[in-house]
Amino acid sequence: MAITLTDMVEEKQVILGLRSRKVPSALREIIDLLAQNGKIDNPEAFFEKVLAREQAHPSVVESSVVFPHARTDLVDEIVVGIGRSRAGIPFGHNGVRARLIFVIGVPERLVNDYLICVGTLVRLVRDDPIRSMLLHAQTPREFIDALTATL
(Lines give C-alpha, C1' and ligand atoms only; values in the text may rest on other atoms or scores of the structure.)
Protein backbone atom coordinates (compact mmCIF):
# COMPACT_ATOMS: atom_id res chain seq x y z
CA MET A 1 0.00 0.00 0.00
CA ALA A 2 1.38 3.39 -1.00
CA ILE A 3 1.83 6.06 1.63
CA THR A 4 -0.27 9.21 1.20
CA LEU A 5 0.45 12.83 1.97
CA THR A 6 -2.05 12.76 4.82
CA ASP A 7 0.04 9.96 6.38
CA MET A 8 3.21 12.08 6.14
CA VAL A 9 2.23 15.46 7.52
CA GLU A 10 1.17 16.30 11.06
CA GLU A 11 0.71 19.54 12.97
CA LYS A 12 3.86 18.92 14.99
CA GLN A 13 5.92 18.97 11.76
CA VAL A 14 4.93 22.55 10.88
CA ILE A 15 6.65 25.80 11.92
CA LEU A 16 4.50 28.77 10.96
CA GLY A 17 7.05 31.39 11.99
CA LEU A 18 10.58 30.43 11.03
CA ARG A 19 13.09 32.54 12.94
CA SER A 20 15.85 31.84 10.42
CA ARG A 21 16.75 34.19 7.58
CA LYS A 22 19.27 32.02 5.71
CA VAL A 23 19.01 28.61 4.08
CA PRO A 24 21.29 26.60 6.41
CA SER A 25 19.66 27.86 9.59
CA ALA A 26 16.15 27.44 8.16
CA LEU A 27 16.92 23.85 7.17
CA ARG A 28 18.35 23.19 10.62
CA GLU A 29 15.29 24.69 12.31
CA ILE A 30 12.92 22.43 10.34
CA ILE A 31 15.12 19.33 10.70
CA ASP A 32 15.45 19.90 14.46
CA LEU A 33 11.65 19.95 14.68
CA LEU A 34 11.51 16.60 12.85
CA ALA A 35 14.10 15.19 15.26
CA GLN A 36 12.22 16.46 18.32
CA ASN A 37 9.15 14.61 17.08
CA GLY A 38 10.96 11.32 16.49
CA LYS A 39 10.98 11.48 12.69
CA ILE A 40 14.79 11.61 12.34
CA ASP A 41 17.30 9.84 14.58
CA ASN A 42 20.44 11.61 13.39
CA PRO A 43 19.48 15.22 12.61
CA GLU A 44 23.06 16.41 12.14
CA ALA A 45 23.84 13.80 9.46
CA PHE A 46 20.48 14.42 7.78
CA PHE A 47 21.09 18.19 7.83
CA GLU A 48 24.50 17.64 6.19
CA LYS A 49 22.87 15.53 3.43
CA VAL A 50 20.17 18.11 2.70
CA LEU A 51 22.63 21.01 2.81
CA ALA A 52 25.13 19.21 0.54
CA ARG A 53 22.39 18.57 -2.00
CA GLU A 54 21.28 22.22 -1.82
CA GLN A 55 24.84 23.40 -2.41
CA ALA A 56 25.40 21.01 -5.33
CA HIS A 57 21.93 21.34 -6.89
CA PRO A 58 19.96 24.24 -5.41
CA SER A 59 16.22 23.72 -5.20
CA VAL A 60 14.17 25.93 -7.48
CA VAL A 61 11.71 28.32 -5.85
CA GLU A 62 8.39 28.47 -7.65
CA SER A 63 5.46 30.55 -6.40
CA SER A 64 7.38 31.22 -3.16
CA VAL A 65 7.64 27.47 -2.45
CA VAL A 66 10.72 25.24 -2.33
CA PHE A 67 11.34 21.52 -1.68
CA PRO A 68 14.87 20.87 -0.37
CA HIS A 69 15.35 17.15 0.11
CA ALA A 70 17.72 14.24 0.54
CA ARG A 71 17.53 10.63 -0.56
CA THR A 72 19.13 8.78 2.31
CA ASP A 73 18.80 5.74 4.46
CA LEU A 74 19.06 8.01 7.52
CA VAL A 75 15.24 7.86 7.45
CA ASP A 76 13.09 4.72 7.50
CA GLU A 77 10.07 6.36 5.86
CA ILE A 78 9.38 9.52 3.90
CA VAL A 79 9.44 12.46 6.29
CA VAL A 80 8.23 16.00 5.63
CA GLY A 81 8.99 19.05 7.73
CA ILE A 82 7.41 22.37 6.82
CA GLY A 83 8.50 25.90 7.61
CA ARG A 84 6.86 29.18 6.72
CA SER A 85 8.73 32.48 6.59
CA ARG A 86 6.93 35.82 6.44
CA ALA A 87 9.84 37.61 4.74
CA GLY A 88 11.00 34.62 2.71
CA ILE A 89 14.39 32.96 2.62
CA PRO A 90 16.62 33.42 -0.46
CA PHE A 91 17.40 30.11 -2.19
CA GLY A 92 19.72 29.21 -5.04
CA HIS A 93 22.09 31.29 -7.10
CA ASN A 94 19.54 33.97 -7.91
CA GLY A 95 18.24 34.33 -4.34
CA VAL A 96 14.54 33.93 -5.08
CA ARG A 97 12.70 34.04 -1.76
CA ALA A 98 10.78 31.03 -0.52
CA ARG A 99 8.02 31.57 2.02
CA LEU A 100 7.02 27.90 2.25
CA ILE A 101 9.81 25.36 2.72
CA PHE A 102 9.04 21.64 2.59
CA VAL A 103 12.09 19.65 3.76
CA ILE A 104 11.74 16.04 2.61
CA GLY A 105 13.75 12.99 3.57
CA VAL A 106 13.27 9.81 1.58
CA PRO A 107 14.84 6.36 1.90
CA GLU A 108 16.57 5.15 -1.26
CA ARG A 109 14.06 2.30 -1.60
CA LEU A 110 11.06 4.67 -1.73
CA VAL A 111 12.05 6.90 -4.64
CA ASN A 112 8.78 6.21 -6.54
CA ASP A 113 6.70 7.10 -3.48
CA TYR A 114 8.80 10.24 -3.09
CA LEU A 115 8.04 11.30 -6.66
CA ILE A 116 4.32 10.83 -6.02
CA CYS A 117 4.58 12.82 -2.77
CA VAL A 118 6.42 15.74 -4.34
CA GLY A 119 4.13 15.69 -7.37
CA THR A 120 1.11 15.97 -5.07
CA LEU A 121 2.69 18.80 -3.07
CA VAL A 122 3.64 20.72 -6.22
CA ARG A 123 0.11 20.38 -7.62
CA LEU A 124 -1.38 21.64 -4.35
CA VAL A 125 0.90 24.65 -3.86
CA ARG A 126 0.52 25.76 -7.48
CA ASP A 127 -3.17 26.28 -6.75
CA ASP A 128 -3.45 29.97 -5.79
CA PRO A 129 -6.32 29.58 -3.26
CA ILE A 130 -4.59 26.66 -1.50
CA ARG A 131 -1.23 28.45 -1.42
CA SER A 132 -2.95 31.56 -0.03
CA MET A 133 -4.56 29.47 2.73
CA LEU A 134 -1.15 27.96 3.56
CA LEU A 135 0.46 31.40 3.70
CA HIS A 136 -2.29 32.77 5.97
CA ALA A 137 -3.08 29.79 8.23
CA GLN A 138 -3.13 30.86 11.88
CA THR A 139 -2.34 27.44 13.37
CA PRO A 140 -0.51 24.30 12.28
CA ARG A 141 -3.92 22.52 12.24
CA GLU A 142 -5.32 25.10 9.79
CA PHE A 143 -2.19 24.66 7.67
CA ILE A 144 -2.53 20.86 7.52
CA ASP A 145 -6.27 21.11 6.85
CA ALA A 146 -5.65 23.50 3.94
CA LEU A 147 -2.91 21.24 2.57
CA THR A 148 -4.97 18.04 2.75
CA ALA A 149 -8.53 19.34 2.13
CA THR A 150 -8.63 18.31 -1.54
CA LEU A 151 -6.95 14.92 -1.14
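I began with helix α4, residues 111-126 (helices are DSSP runs of H or I with at least four residues, strands runs of E with at least two, numbered from the N terminus). At 1.5 Å a residue, its 16 residues should span 22 Å, and the end C-alpha atoms are 22 Å apart, which agrees. The expected span is 1.5 Å times one less than the number of residues.

I noted that this is a predicted model, where local features need pLDDT of at least 70, side-chain atom pairs need 80 or more, and totals for chains, interfaces and linings use all residues. Residues are numbered from 1 along each chain as its sequence is written, and side-chain values use heavy atoms, without hydrogens and water.

Next I looked up burial in α4 (buried is under 20% relative accessible area, exposed over 50%, partly exposed in between; 1.4 Å probe, protein chains only). Y114, C117, V118, T120, L121, L124 and V125 are buried. They cover an arc of only 155° around the axis, so they sit on the same side of α4. The arc is taken from the directions from the helix axis to the C-beta atoms. N112 and I116 are exposed on the other side of α4.

Then I turned to S59. Where is S59 found? I found S59 in the loop between α3 (43-56) and β2 (65-66). S59 is buried, at a relative accessible area of 10%. Leaving aside neighbours within four places in sequence, its contacts (heavy atoms within 4.5 Å) are R53, E54, V66, F67, P68 and F91.
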